[in-house]
Amino acid sequence: MKLELREKIIAYNKAVAANREKSDDLMTILGALPPGQAKNLLKDPTIGPILEKYGITGA
């Protein structure tokens, strides 16, 4: 395997791992919110659709 390709693969894998860690951290934070706070975030026209996109609902 060429060194350049290997470096690209390693950089990609590091970026994927960092994104996964951020996602896990955000889900942990959202899970720790009191139900009322989560419902308030769901009412926000910008944040609500983003949360729903990832399966976070007011139920």
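**Note on a predicted three-helix model**

1. A compact globule of 59 residues would have a radius of gyration near 10 Å, whereas this protein has 17 Å. The radius is taken over C-alpha atoms, and the globule rule is 2.2 Å times the number of residues to the power 0.38. Along the principal axes, the C-alpha trace spans about 55 × 20 × 15 Å.

2. The model is predicted: local features need pLDDT of at least 70, side-chain atom pairs count only at pLDDT 80 or more, and totals for chains, interfaces and linings use all residues. Residues are numbered from 1 along each chain as its sequence is written, and side-chain values use heavy atoms, with hydrogens and water left out.

3. The protein has three helices and zero strands, in the pattern α-α-α along the sequence. Helices (H or I, at least four residues) and strands (E, at least two) are DSSP runs, numbered from the N terminus. Helix α1 covers residues 3-32, α2 covers residues 35-43, and α3 covers 47-53.

4. Of the 59 residues, 10% count as buried. Buried means under 20% relative accessible area, exposed over 50%, and partly exposed in between (1.4 Å probe, protein chains only). The accessible surface of the protein comes to about 5100 Å², and 60% of that belongs to carbon and sulfur atoms. Accessible areas come from the Shrake-Rupley method with a 1.4 Å probe; for residues, only the protein chains shown count as cover.

5. Leu3 and Ile9 both deserve a look. Leu3 lies in helix α1 and is exposed, with a relative accessible area of 58%. Its C-alpha is 30 Å from that of Ser23, and the two residues are 20 apart in sequence. Ile9, also in helix α1, is partly exposed at 35% relative accessible area. Ile9 joins Met1 and Leu5 in a nonpolar surface patch of about 330 Å². Patches are made of residues with over 30% relative accessible area and no salt bridge; like charges are joined within 9 Å, and nonpolar side chains (Val, Leu, Ile, Met, Phe, Trp, Tyr) within 5 Å.

6. Which side chains meet in a salt bridge? Those of Lys8 and Glu4 do, at 3.8 Å from N to O, and the structure holds one salt bridge. The criterion is a side-chain nitrogen of Lys or Arg within 4 Å of a carboxyl oxygen of Asp or Glu. Lys8 and Glu4 both lie in helix α1, four residues apart, about one turn of the helix, and both are exposed.

7. The charge count is 9 positive and 7 negative side chains, with the centres of the two sets 4 Å apart. Lys and Arg count as positive and Asp and Glu as negative, while His and the chain ends are not counted. The place of a charge is taken as NZ of Lys, CZ of Arg, CG of Asp or CD of Glu.

8. Gln37 sits in helix α2 and counts as partly exposed at 42% relative accessibility. The C-alpha atoms of Gln37 and Ile9 are separated by 40 Å, with their positions 28 residues apart along the chain.

9. Is Ile56, in the segment after α3, buried or exposed? Ile56 is buried because its relative accessible area is 16%. Ile56 and Lys14 are 42 residues apart in sequence and 27 Å apart in space, C-alpha to C-alpha.
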